[in-house]
Amino acid sequence: MNPKRILALCAALLFSGAVAAQAAAPAFGADGRLRIAQFTDMHLDLSTPYRQAQAEKTLAQMRDIIRTEHPDLLILTGDIVTGAPARDAWLRVLAVAEEARIPYCVVLGNHDAEQDLSRQEIARLVTAGPCSLNRLDASGELADVVLEVGGAGGSTAALLYCLDSHDYSTVEGIEGYGWFTAGQIAWYRDRSAACTAANGGRPLPALAFFHIALPEYVAAWRNPENTHVGRAAEDECPGALNPGMFAAMVECGDVMGTFVGHDHDIDYIVAENGIALGYGRFSGDDTTYNNLRHGVRILVLTEGERGFETWIRERDGRRVDRVRFDGRNITKVRTEP
């Protein structure tokens, strides 16, 4: 089919729901489980025929994962589109989720707004579809959100925080990547406290998703007393400053795992102070560097349990690095096809 025809169909599919109600909040299924697929660093680029062919492989992987893993929710953790024309690439990737009728939530990375779309323009695209769980903030960008996962009794049974870790330092004299602001940490504390109070004073099990790793990842992975699953073929690139988001999560007691992208040659998961610190698997095709097999992280929550199971589904269908986290310890689980 003509590429322009494909993009026209994608746009029609996405914007046909632009005035529809926002997608329903995620909920545990009849089996008591919620399956999440984390796509990260897809690096879609339609600027040349070669890049277009790479993008097609990436989108085909996305469809294959949906068919194989049957996720209830897709979370895209940044650096999704890294080439112009960015609008066309965003239409293509969002249309995959829309055509599968799967709710999705997007957080941006450090490269997404470096193309020919601003953060506000990307946000309008992301929030246009009926399956989008994102919303706009007062500035017109993608807002930090907490998705309340419904349980069997109709009450909230788990939380999913989707947060903007920003892109680069905005402080003169400090170089490097961005970090959470004091306002974001206060927002998180407020939402966590409200949900805990509504749950009779018991923190709900929660996961958090964002693009750039917390500084605590570095020490946790290098601690020989921790269980290490996965690999780090490069050094982590966390934000240049540590504003205390990890401390806030430990103190609030709800977040049991954080999952990021950004560093293409890292896919590990390690626990520190009751929180599993994890990376997704690089989900794009060939880019500046990617020495791991292309893949996607899958996470499974079970209603009523403080813990989760996770693994990497690689592009060739293999399932690797399957582990269970019980709220304190990571345990390897025998991997089956």
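This is a short walk through the two sheets of this predicted model and the helices that pack on them.

Okay, housekeeping. Residues are numbered from 1 along each chain as its sequence is written, and side-chain values use heavy atoms, with hydrogens and water left out. Since we're looking at a prediction, local features need pLDDT of at least 70 and side-chain atom pairs count only at pLDDT 80 or more, while totals for chains, interfaces and linings use all residues. When I say helix or strand, I mean DSSP runs numbered from the N terminus: H or I with at least four residues for helices, E with at least two for strands.

Let's start with the six-stranded sheet. It's open, the order is 4-5-6-7-9-8, and the pairing is mixed; strands pair if DSSP finds at least two bridges between them. At the edges sit strand 4, 145-150, and strand 8, 269-272, and each of them pairs on one side only. On average, neighbouring strands here are turned by 20° against each other, direction ignored.

Stay with strand 4 for a second. Strand 4 runs antiparallel to strand 5, and six bridges join the two. If you want one to click on, V145 has C162 in strand 5 as its bridge partner. The two strands make a hairpin with five residues between them, and G154 in the turn has a positive phi of about 90°. Edge or not, strand 4 is mostly covered, with five of its six residues buried, where buried is under 20% relative accessible area, exposed is over 50% and partly exposed is in between, using a 1.4 Å probe and protein chains only.

Further along, strand 7 (255-260) and strand 9 (275-279) pair in the parallel sense over four bridges. There, F259 is matched with G278 in strand 9.

So what lies across this sheet? Helix 5 lies across strands 4, 5 and 7, at about 175° to strand 5. Helix 7 lies across strands 6, 7, 8 and 9, at about 140° to strand 9. For these angles, axes are lines fitted to C-alpha atoms, for helices over the stretch in contact, and values run from 0 to 180 degrees between N-to-C directions.

The axes of helix 5 (182-198) and helix 7 (245-252) come within 10 Å and cross at roughly 10°. That makes the pair roughly parallel; the cut-offs are under 35 degrees for roughly parallel, over 145 for roughly antiparallel, 65 to 115 for roughly perpendicular, and oblique for the rest. On the helix 5 side you've got Q184, I185, Y188, R189 and S192, meeting M245, A248, M249, E251 and C252 of helix 7, with contact meaning heavy atoms within 4.5 Å. By class that's six nonpolar, two polar and two charged residues.

Now the other sheet. Seven strands, open again, order 3-2-1-10-11-12-13, with mixed pairing. Strand 3 (104-107) and strand 13 (330-332) are the edges, and the twist averages 20° from one strand to the next. Strands 10 and 11 pair in the antiparallel sense over seven bridges, with G295 opposite E314.

Helix 3 lies across strand 2 and strand 3, running at about 150° to strand 3. Helix 3 (86-100) also has a partner, helix 4 (119-126): their axes come within 10 Å and cross at roughly 30°. R87, W90, L91 and L94 in helix 3 meet I122, L125 and V126 in helix 4. That contact has six nonpolar, no polar and one charged residues.

Definitions and conventions
Ala, Val, Leu, Ile, Met, Phe, Trp, Tyr, Cys and Pro count as nonpolar, Asp, Glu, Lys and Arg as charged, and the others, Gly among them, as polar.
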